[in-house]
Amino acid sequence: MISHHKDSNSIIKISNLTKHYKLGDMSVNALDNISFTVDSGEIVFIMGPSGSGKTTLINLIGGIDHPTSGSIEILGDDIAQYSDKELTLYRKKRLAFVFQFYSLIPTLTARENVELVLELTLRKRKDISKLAEEHLTLVGLEHRMDNFPFQLSGGERQRVAIARALAKSPDILLIDEPTGQLDQKTGNNIVSLIQKIAKEKNKTVLLVTHDQELECYADRVITLRSGQIVSDESKSLFSKTEDGAVSNAANI
Ligand SMILES: Nc1ncnc2c1ncn2[C@@H]1O[C@H](COP(=O)(O)OP(=O)(O)OP(=O)(O)O)[C@@H](O)[C@H]1O
Ligand SMILES: [Mg+2]
């Protein structure tokens with residue numbers, strides 16, 4: 001981890017990040033030369049219209065897609081230079097993902113879904129089941145641990161996905177449209193839960209959403225349009241800025 005002696009507490013440093021997709025003769029500029037940094041423990045929402053590059057950005061930081069150019073420094077290491085093997089290790093050690101469609105395995109119970117991820121990194125049966133139970137309890141599902149996904153509501157399934165993501169103790173949580181399948185109230189509960197746990201456990205969160213009502217749970221909102229950052233707004237009472245041009249200055 002970066003020590004507090006450094007002048008910067010940044011965990012993610014994106015510089016001149018560009019991603020072009022080739023579609024036949026056409027080239028799509030999914031991300032166009034964007035730069036920003038994220039502090040450790042910060043909750044950053046990524047917003048913007050459909051096609052603006054939000055998922056592309058999450059996938060690049062998540063090491064599941066390669067940039068066309070630019071760098072993505074995670075704790076000082078540029079993952080854009082990583083080999084596939086190094087990327088796999090990086091995803092395993094540092095990251096957890098939550099997606100819109102829960103991505104639970106339907107033939108495993110809530111408990112087994114969480115345990116499966118832990119089995120990748122832990123060996124002792126006792127540790128695995130303890131951590132799974134702890135995290136399912138943390139998201140309020142202690143009474144549903146042995147239910148299968150089809151027996152759970154959408155909100156409950158998303159809670160399992162959050163428990164699974166947190167149980168492996170990632171440095172960074174990447175969350176793409178977690179409320180897309182949920183009604184407003186359930187969606188609010190889910191994002192409020194993510195915010196509460198992230199703050200308690202000092203996790204860094206990048207969360208993509210369309211929903212303006214959820215902004216109250218963010219420390220900061222970055223808005224993309226056509227692959228560019230059009231605003232970067234701190235929601236902190238101390239350094240509120242409405243001006244995208246000053247972007248990272250708000251974090252110094
Ligand atoms: N694999 C791909 N091949 C070609 N073009 C792609 C690919 N993935 C994304 N794109 C294009 O890149 C642009 C950004 O896509 P992206 O999925 O990042 O948008 P988004 O902001 O997540 O949109 P949404 O809100 O609809 O999920 C879009 O124009 C999209 O069509
Ligand atoms: Mg998307």
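A residue counts as buried here if 20 or more other C-beta atoms lie within 10 Å of its own, with C-beta atoms placed from the backbone. By that criterion, buried residues make up 36% of the 252 residues in the protein chain of this structure, which is a predicted model.

**The whole chain**

Begin with the C-alpha trace of the protein chain, which spans about 50 × 50 × 40 Å along its principal axes. The radius of gyration of the chain is 18 Å, and this agrees with the value near 18 Å that a compact globule of 252 residues would have. Colouring by secondary structure should bring up six helices and ten strands. Among the contacts in the chain with a separation of 6 or more, 66% are between residues 24 or more positions apart.

**The four-stranded sheet**

Select β1, β2, β4 and β5 next, and an open sheet appears in the order β2-β1-β4-β5, with antiparallel pairing. β2 and β5 (77-78) stand at the edges, and because each has a single partner strand, one side of each is left without a neighbour in the sheet. Moving to the β5 end, strand β4 (residues 69-74) is joined to β5 by two bridges, the two running antiparallel, and here isoleucine 74 has aspartate 77 in β5 as its bridge partner. Now add α1, which packs on this sheet and touches β1, β2 and β4, its direction making about 120 degrees with that of β1.

**The surroundings of ligand 1**

Keep α1 in view and centre on ligand 1. The residues to select around ligand 1 are Tyr21, Leu23, Val28, Ala30, Gly48, Ser50, Gly51, Ser52, Gly53, Lys54, Thr55 and Thr56. Two or more residues of this shell are given by each of β1 (10-23), β2 (26-39) and α1 (54-61), and the largest share, three residues, comes from α1. Coloured by class, the shell shows four nonpolar, seven polar and one charged residues.

**The six-stranded sheet**

The next selection is an open sheet of six strands in the order β6-β7-β8-β3-β9-β10, in which the pairing is mixed. Its edge strands are β6 and β10 (228-234), each of which pairs on one side only, and the twist averages 15 degrees from one strand to the next. Within this sheet, strand β3 (residues 43-47) and strand β8 (residues 204-208) pair in the parallel sense over four bridges, and phenylalanine 45 stands opposite leucine 207 in β8. α1 returns at this point, since α1 packs on this sheet as well, touching β3, β7, β8 and β9 (220-225), with a direction that makes about 150 degrees with that of β8. α5 also packs on the sheet, touching β6 and β7, and its direction makes about 175 degrees with that of β6.

**The β6 edge**

Zoom in on strand β6 (residues 95-98), where Ala96 and Val98 form a covered face, while Leu95 and Phe97 form an uncovered one. Four bridges join β6 to strand β7 (residues 172-176) in a parallel arrangement, and the bridge partner of alanine 96 in β7 is leucine 173.

**Helix α3 and its partners**

Finish with helix α3 (residues 110-118), and display the side chains of its buried residues, Ala110, Asn113, Val114, Glu115 and Leu118. With α4 (125-138) and α5 (154-167) switched on, one can follow how these buried residues of α3 pack against both helices.

Key. Residues are numbered from 1 along each chain as its sequence is written. Chains are lettered from A and ligands numbered from 1 in the order in which they are written. This is a predicted model: local features need pLDDT of at least 70, side-chain atom pairs count only at pLDDT 80 or more; totals for chains, interfaces and linings use all residues. A residue is near a molecule or strand if its C-beta atom, placed from the backbone, lies within 6 Å of it. Ala, Val, Leu, Ile, Met, Phe, Trp, Tyr, Cys and Pro count as nonpolar, Asp, Glu, Lys and Arg as charged, and the others, Gly among them, as polar. Two strands pair if DSSP finds at least two bridges between them. Two residues are in contact if their C-beta atoms, placed from the backbone, lie within 7 Å. Axes are lines fitted to C-alpha atoms, for helices over the stretch in contact, and angles run from 0 to 180 degrees between N-to-C directions. The radius of gyration is taken over C-alpha atoms; the globule rule is 2.2 Å times the number of residues to the power 0.38. A residue is buried if 20 or more other C-beta atoms lie within 10 Å of its own, exposed if 12 or fewer, and partly exposed in between; C-beta atoms are placed from the backbone.
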